[in-house]
Amino acid sequence: MEANNDVALDIIITNVVSVFRTRCHLNLRTIALEGSNVIYKPEVGKVLMKLRKPRITASIWSSGKIICTGATSEEEAKLGARRLARCLQKLGFKVKFTAFKVVNVLAVCTMPFHIHLIQFTKNNRPIASYEPELHPAASYRIKNLKATVQVFSTGSITVTGPNVRHVAMAVEQIYPLLFECKSTMR
Amino acid sequence: MSSRVCKTCGCTDIDIDQARGNAVCMGCGSVLEDNIIVSEVTFVENSGGGSSAVGQFVASDGTGKTPVLGSGFHTTLGKESRAQTLLNGKRQINHLGHQLQLNQHCLDTAFNFFKMAVCKHLTRGRKMAHVVAACLYLVCRTEGTPHMLLDLSDLLQVNVYILGRTFLLLARELCINAPAIDPCLYIPRFAHMLEFGEKNHEVSMTALRLLQRMKRDWMHTGRRPSGLCGAALLVAARMHEFRRTVKEVISVVKVCEATLRKRLTEFEDTPTSQLTIDEFMRVDLEQECDPPSFTAGQRKLRLQQLEHELAKKIDEVQGEICSYQDEIELELESSRPKLKGPYASYAREDSSDDSVSVASGLPGNEDDADEELKAAAQQLTKDFYSELMPGAGEASRAEEGSEAESEQVVLPRYPPLASLLGPLPTAASLGLSESIQKCITEKDVDGNSENGELDLKGIDDDEIERYILNEKEVKIKTELWMQQNADYLKEQKEKEERIAKEKELGIYKEQKPKRPPKKREPIRASTAGEAIEKMLEQKKISSKINYDVLRDLDKKGSSPGAQPEETPSSPGGRKLSGRRKRNMAALGLGNPISSVGKRLRPLISAHVGKKPASSQQAAKASAAVVTAETSQPVVVESGPVVYEDAMEEEEEEEEEPCVSAMQLMGGNDYGCDVDDDDGL
């Protein structure tokens with residue numbers, strides 16, 4: 001879609017959340033005592049392990065389900081997840097790397113103009129909602145993409161969606177709507 | 001009731017009498033039907049003398065099944081669940097609405113919203129209070145009343161964001177578009193609360209103008225309307241010579257001081273603020289301002305540009321400094337003492353392939369990790385060298401300072417610096433080169449496993465090994481962790497023991513849910529002593545307390561211990577009588593209790609000693625006898641009974657650490673009793 005002709009919009013992915021399963025029971029205490037960068041939370045029943053490269057934080061449960069957050073791209077998320085599994089393997093567990101899925105992608109984008117939120121909300125009545133008492137941004141939910149876009153009056157938007165492609169599509173979809181309600185050029 | 005043919009005479013003329021419930025043949029007079037069931041509304045007389053209709057109303061939209069009246073005997077007698085919900089909701093709406101001073105029309109509208117919500121099953125899984133509040137707020141928004149969501153959350157003591165979530169959901173499900181809040185709506189309300197007296201209207205008008213100005217200057221998008229109102233009102237008040245402090249305004253408007261100040265500064269930045277009061281009232285500036293975030297953005301841009309220029313300048317200066325450093329280094333080299341020991345060979349061998357390895361280690365792209373590693377490595381070297389060679393240390397420190405500034409130092413810098421600093425623990429020597437190479441040249445893998453096998457491509461085992469601690473470290477960590485989490489581990493162990501024990505006994509109950517605490521009846525007692533006794537019965541605190549002593553504590557003056565001991569002749573009978581009389585003494589109100597607190601501990605501790613309690617009790621018995629006359633005859637039925645048990649247990653008493661009665665009984669109770677008695 002030729003939504004942005006003159007200026008290329010930079011969509012910066014800031015966070016990718018993914019899950020995978022190791023299909024084996026993990027002893028959290030062993031991980032906690034033998035890993036060098038772990039935080040053990042026995043009350044909740046999980047271990048947080050942080051990798052330096054790629055910068056990822058993983059929540060590990062004893063059932064073998066693991067959630068990885070903090071990656072900056074889908075590939076990085078997968079790499080980090082695999083590294084983590086390798087690390088657990090070395091600790092002595094018979095891990096398998098199954099059911100890897102990227103669950104959530106958070107991206108940030110800045111429009112080159114400011115946005116009149118009240119007008120934007122009026123134009124997109126049921127889909128967009130703006131409550132200045134609660135949150136300074138107007139939130140726009142795209143049902144078919146299952147993505148949510150939060151629009152700030154400065155022109156920055158944050159998009160969350162199930163994967164990067166959906167996020168890109170969401171930005172393309174919302175650009176014309178925002179362009180209608182722009183207020184000042186930067 | 002079809003008219004039939006009479007059986008006896010064949011006549012078709014049948015008279016049906018509704019009142020009697022008969023069907024009689026007109027011809028022969030034979031009764032064809034008796035006790036006909038009629039479906040008319042009947043009335044019965046109730047206790048008040050009025051009459052009410054018999055039967056239940058069944059709504060056309062409901063299920064029509066009536067609840068059994070056996071167990072649930074509520075005031076909403078015989079109504080089905082939906083009607084009950086609606087009735088309950090209506091009651092709550094009215095209650096809240098009256099607190100907000102909403103008129104009846106609004107309340108009715110709110111009730112309509114509520115009915116819609118119930119039909120769409122939005123009340124399921126949500127607190128009724130939240131849904132009710134959301135309905136009310138929806139009405140407020142559609143009608144444009146100056147009620148904030150904060151007001152509702154104040155009334156309900158619920159987090160405003162939770163209410164907001166429910167409200168948004170409701171608005172979306174009911175497809176009701178609530179118009180956006182205009183801060184101008186709040187001005188009259190806040191102005192009224194700030195009590196401007198006669199000039200209320202003028203101040204409001206001024207504040208309104210200010211607000212409109214703010215809107216045109218783009219201060220209001222994305223901001224809480226109450227904050228803007230607060231700022232406008234503050235300025236308006238000052239303009240009309242009312243001294244309203246910031247604190248007063250924020251207590252009315254419910255924002256924090258920082259927010260208000262920020263709004264005021266933003267307003268100050270607009271050209272409108274430069275006008276005088278008169279001018280402002282008359283003139284409306286044409287030009288519009290940029291939003292404050294926009295100006296902030298511009299400022300950031302400018303700062304960035306400045307930094308860029310500065311960086312360039314630093315580069316130039318850097319060059320000069322480096323040349324000076326070169327000279328200094330040369331001088332130092334010549335005067336440097338020879339290196340001895342293991343480091344000497346290290347230094348010599350590294351310096352040769354120094355620049356080469358460093359250059360190779362960075363094939364062009366600077367990862368952040370690389371920079372960090374380099375910086376770390378350099379730091380290490382510097383520390384290391386500053387010990388060996390204080391002279392060189394100064395130079396390297398000076399260098400480091402300039403290096404820190406120029407973060408944008410270009411790649412070609414590295415080889416010369418390395419040679420300047422002398423032997424550098426390179427990536428190779430630190431064993432990191434492999435991992436660095438891997439990081440840089442890593443490509444991603446796809447086509448992963450459906451069978452669950454871990455694809456090891458691109459994963460560097462060495463680095464991962466580093467994530468795993470070796471044995472010694474594991475031991476240390478284990479110790480530390482055990483120490484830190486000792487409490488938690490203890491709890492877990494106790495829990496397990498408990499479960500094991502219960503399993504043995506066969507009464508192991510899985511997941512004991514919390515039973516609601518037993519409600520105790522409030523103690524009714526006419527005197528403090530009586531209250532103490534009753535409370536002690538209920539609580540059953542300890543078998544080791546000498547309850548005698550406790551009862552004696554509200555007795556005055558005569559210290560029982562010092563009295564001459566009249567050992568009772570017959571311990572058994574005498575004890576009882578003594579006790580009874582002691583009870584009465586304990587209940588005596590004339591005794592001051594101020595000395596109780598001091599005497600508590602010594603009495604208890606003395607009592608808890610090895611000496612049998614009997615002698616003391618004897619003494620007390622005697623004391624009790626002495627003061628019995630002053631006491632009022634109040635009969636305490638349960639006293640002696642409880643006492644016996646306590647007494648017997650006390651006879652077998654063991655050594656026990658001194659616990660004060662205060663602690664045993666829970667300080668509060670006792671304190672209360674003490675206070676009561678003081679007054680009397």
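**Helix, cap and core**

Visitor: Which residues of helix 22 of chain B are called buried?

Guide: A528(B), G529(B), E530(B), A531(B), I532(B), E533(B), M535(B) and L536(B). Buried means under 20% relative accessible area, with a 1.4 Å probe and protein chains only. The model is predicted: local features need pLDDT of at least 70, side-chain atom pairs 80 or more, while totals for chains, interfaces and linings use all residues. Residues are numbered from 1 along each chain as its sequence is written, chains are lettered from A and ligands numbered from 1 in written order, and side-chain values use heavy atoms, without hydrogens and water.

Visitor: What makes residues 528-539 of chain B a helix?

Guide: A helix is a DSSP run of H or I, at least four residues. Helix 22 has 12 residues, so it qualifies. Helix 22 reaches 16 Å from first C-alpha to last, close to the expected 16 Å. That expectation is 1.5 Å times one less than the number of residues.

Visitor: How do you know which residue caps the N-terminal end of helix 22 of chain B?

Guide: A side-chain oxygen of T527(B) lies 3.1 Å from the backbone nitrogen of E530(B). A polar contact pairs N or O atoms within 3.5 Å, one able to donate a hydrogen and the other to accept it; sequence neighbors count only if both atoms are side-chain atoms. T527(B) is the cap.

Visitor: Why does the largest nonpolar core lie between two domains?

Guide: A nonpolar core joins buried Ala, Val, Leu, Ile, Met, Phe, Trp, Tyr and Cys through side-chain atoms within 4.5 Å. This one has 72 residues; F114(B), L138(B) and L233(B) touch the most other members. Domain 2 (81-181) and domain 3 (184-295) of chain B both contribute, so the core lies between them. Domain bounds come from an automatic or database assignment.

Terms used:
Helices (H or I, at least four residues) and strands (E, at least two) are DSSP runs, numbered from the N terminus. Buried means under 20% relative accessible area, exposed over 50%, partly exposed in between (1.4 Å probe, protein chains only).
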